[in-house]
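Hi,

Here is the structure I promised to pass on. Have a look at it first, and my notes on what turned up follow underneath.

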Amino acid sequence: MSLVLVGTSHRLSPVEVRERVALDLAGAAELARRMARSGEAVCLSTCNRTELYLVDSEPEAAEERASQALLGDEVELYRMTDEAAAVHLFRVAAGLDSLVPGEGEILGQVRDAYDAGAHGPVLDRLFREALRVGKKVRTETAINESPASVSSAAAALAQQVFGDLKGCRVLLVGAGEVSELAARALAARGATIGAVTSRTQANAARLADAFDAHAVPFDRLGSELDQADVVVSSTSSSEPIMSRDQVPARKGRPLFVIDLAVPRDVDPAVARLEDCYLYDIDDLQAVVRESLNGRWREAERAEGIVEREAERFRDWQASLQVVPAIASLRERAESIRSGELAKAESRLEGLSESERRTVESLTTQIVNKLLHVPIVRLKQAAATEGTGYVEVARDLFDLPDDENADPRRKPR
Amino acid sequence: MAELLFWPALLAYGEAAIAYAGDARRPGSMGRLATWGVRIGWLVQTALLVAQAARADGFPWDTWAGSLNLFVWLVVGAYLIWGCKPRFRLLGLVVMPLAALLLAISYAAGGVGGTGRSGYSSLFLIAHVGLVLAGFAGLTLAAAIAALYLWQERELKRRSSTVLRFRAPSLVTLELLFGRTVAYSLPVLTLGMAVGFARLRHDSQLDPLIVLTVLTWAVYGAFLVLRFGAGWHGRRAAYTTLAGFALVVVMQLSVHMGHFA
């Protein structure tokens with residue numbers, strides 16, 4: 001049984017190509033069921049990738065079926081098998097194959113695909129390991145800790161000033177999409193959107209409704225500033241709308257001002273006021289750049305984790321190949337043991353029940369001890385040297401050729 | 001026995017100091033190593049102090065080197081309250097190299113070995129020296145937090161793009177912490193001073209050390225009055241904390257020059 005991966009992603013195909021093979025969760029589940037007729041299948045489909053993971057005894061045929069399902073004649077696809085496919089899934093789950101390294105959404109999407117898939121022992125193990133690796137990378141590195149967008153950088157900086165944003169009052173100046181995005185990032189971290197002001201009162205009222213805040217007239221900006229802890233400004237004004245004189249003395253209460261407008265809304269002199277911290281769009285973009293650099297630095301460490309975990313999976317997968325041979329070996333030994341005991345039956349008639357049990361136990365132990373070392377060696381060799389040892393064992397012990405044996409059969 | 005415990009304590013503090021530096025460069029497992037270094041070092045130093053106390057005839061830390069040993073233990077102990085949290089690891093960059101250095105000085109000057117009989121009663125020394133040193137340890141920690149506040153405030157004012165790289169506590173948290181640490185440490189120092197004054201003989205002269213101690217107390221007292229009475233917060237409050245700490249340093253130096261004991 002081999003692991004096969006066929007798919008496409010943002011690295012290979014533009015969005016107009018990806019959208020042709022994108023599936024919702026129900027569609028991905030249906031495709032996985034169809035593909036799993038002779039093995040196992042999971043379909044991972046997100047906005048950045050559609051991938052089919054198959055386990056099949058005929059990998060070439062499985063690959064061909066997957067290519068057809070993903071419009072291989074029209075869409076450029078990548079194809080991987082066994083260890084390479086496992087490494088790829090581990091990297092995907094860790095967020096190392098994402099546009100923004102370490103982004104968290106992909107882990108949930110991998111879990112959903114796993115839940116909806118038609119998995120057997122191999123894909124079950126592969127996806128559970130991938131989810132574990134994804135979590136491990138995020139726990140052991142700082143890959144997902146820094147903000148990756150201007151709005152999340154603004155919220156992270158507000159946290160750097162105030163700590164917990166619960167109880168922080170935010171004033172939105174301007175009611176456009178940019179203000180809304182920043183407000184959502186702040187609200188997600190616990191801040192209260194207290195007031196919205198805009199030159200167009202209707203827009204202010206609309207955004208205020210969305211956050212259960214108050215819409216206040218634009219000329220009350222000065223008085224609102226006194227109550228605010230965080231100000232997000234994003235208007236289309238060609239002149240600064242907030243001057244240094246408008247900001248009341250803070251008396252030890254910090255004021256964090258986020259100016260997302262171009263041209264800028266806030267007089268740069270505000271930054272010189274005590275307890276005032278002013279960030280404009282360039283400052284925020286510099287923070288995002290730096291934080292993405294940090295994520296890439298962490299990604300190097302994450303690659304090391306992925307590599308080690310993929311090696312473990314490879315060892316496990318290799319050990320599967322020897323399972324049928326080990327089972328046959330045990331069966332052969334057991335049949336010899338029980339056959340020889342049966343032959344000696346006439347000479348053992350005089351034994352008591354307890355003495356018979358002792359003989360049974362003794363012969364079983366001899367067989368187990370004789371087989372223990374060869375079985376351990378077989379498993380080790382499968383991980384490091386392939387199936388050569390299995391062939392030798394089959395030849396030496398005259399084991400049946402179990403090419404089509406079920407790897408789920410467990411050796412005792 | 002006591003001397004044997006010194007080396008693992010110093011090694012653990014040194015390891016913590018190096019690991020904190022590594023953690024500042026690349027946050028992760030080094031931070032955890034540093035935290036364990038602090039914990040293990042402090043426990044070993046506790047055992048060292050217990051061994052000294054068991055062996056000594058009287059108060060074992062009545063020399064300046066001995067008091068330095070005790071002071072290091074108190075500072076690291078106070079740091080342990082917050083220092084193990086990832087966001088406060090940056091404090092370790094200041095506290096742990098200092099702790100390792102002072103412990104080494106204490107050892108070189110004979111502060112970790114046995115001591116002879118003290119001229120003072122144990123009860124008085126435990127109350128006076130213990131309380132004064134505990135107060136100073138708290139004020140030292142407050143100064144480290146205030147320094148971290150000023151660094152963080154400067155980074156935010158400068159709009160540094162790397163401000164989020166070092167996972168430091170927020171400005172508001174740091175501000176609250178150094179204020180509270182002073183508020184808890186000053187009463188301890190006051191009590192220690194009161195015990196000292198109670199022992200002061202009528203014909204004793206006010207020596208410079210006493211004047212310095214009173215001056216330090218006055219600076220921190222003014223800090224608390226201004227903070228809670230006039231709403232002094234932020235940068236000014238941090239600078240006042242550091243000014244008070246400068247007096248603590250001068251005092252510690254003068255104690256170590258031979259005024260004490």
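Chain A has a radius of gyration of 32 Å, whereas a compact globule of 412 residues would be near 22 Å; the radius is taken over C-alpha atoms, and the globule rule is 2.2 Å times the number of residues to the power 0.38. Along its principal axes, the C-alpha trace of chain A spans about 110 × 55 × 35 Å.

Before going further, please keep in mind that this is a predicted model, in which local features need pLDDT of at least 70, side-chain atom pairs count only at pLDDT 80 or more, and totals for chains, interfaces and linings use all residues. Residues are numbered from 1 along each chain as its sequence is written, while chains are lettered from A and ligands numbered from 1 in the order in which they are written.

**Chain A**

Chain A holds 13 helices and 10 strands; these are DSSP runs numbered from the N terminus, with H or I and at least four residues for a helix, and E and at least two for a strand. The domain assignment, which is automatic or from a database, splits chain A into domain 1 (2-140), domain 2 (150-274) and domain 3 (314-397). The centres of domain 1 and domain 3 of chain A, taken over C-alpha atoms, are 39 Å apart.

Of the 412 residues of chain A, 42% count as buried. Buried here means that 20 or more other C-beta atoms lie within 10 Å of the residue's own, exposed means 12 or fewer, and partly exposed is in between, with C-beta atoms placed from the backbone. Contacts are pairs of residues whose C-beta atoms, placed from the backbone, lie within 7 Å. Among contacts in chain A between residues at least 6 apart in sequence, 70% join residues at least 24 apart.

Helix α2 (residues 25-35) of chain A is a nice one to look at: A:Ala28, A:Leu31, A:Ala32 and A:Met35 are buried there. Seen down the axis of α2(A), the buried residues fall within an arc of 100°, so they line one face of the helix; the arc is that of the directions from the helix axis to the C-beta atoms. Those buried residues pack against β2 (40-45), β3 (49-56), α3 (59-69) and α5 (105-116) of chain A.

**The nonpolar cores**

A nonpolar core is a set of buried Ala, Val, Leu, Ile, Met, Phe, Trp, Tyr and Cys residues joined through C-beta atoms within 7 Å. The largest has 123 residues, and A:Ala154, A:Val170 and B:Ile145 touch the most other members. Helix α5 (residues 122-157) of chain B gives the most to this core, with 18 residues. Leaving aside neighbours within four places in sequence, A:Ala154 is in contact with A:Ala182, A:Ala185, A:Ile258, A:Tyr279 and A:Leu284. Apart from this core lies another, of 51 residues, among them A:Val6, A:Ala28, A:Met35 and A:Val42.

**Where chains A and B meet**

The contact between the chains takes 24 residues from chain A and 18 residues from chain B. On the chain A side, α7 (150-162), β10 (276-280) and α11 (281-343) each supply at least two residues, and α11(A) gives the most, with seven residues. That side divides into nine nonpolar, eight polar and seven charged residues. Nonpolar covers Ala, Val, Leu, Ile, Met, Phe, Trp, Tyr, Cys and Pro, charged covers Asp, Glu, Lys and Arg, and the others, Gly among them, are polar.

**Chain B**

Chain B is divided into domain 1 (1-116) and domain 2 (120-261), with 20 Å between their centres, taken over C-alpha atoms. Their contact takes 23 residues from domain 1 and 25 residues from domain 2 of chain B. On the domain 1 side, α3 (64-83) and α4 (89-108) of chain B each supply at least two residues, and the largest share, nine residues, comes from α3(B). By class, this side has 18 nonpolar, three polar and two charged residues.

**A few backbone details**

The peptide bond from A:Val262 to A:Pro263 is cis, with omega near 0°, and A:Pro263 is found in the loop between β9 (255-259) and β10 of chain A. A:Asp82, in helix α4 (residues 82-93) of chain A, has a positive phi of about 40° although it is not a glycine. With 16 C-beta neighbours inside 10 Å, A:Asp82 counts as partly exposed.

Best wishes

Key
Two residues are in contact if their C-beta atoms, placed from the backbone, lie within 7 Å.
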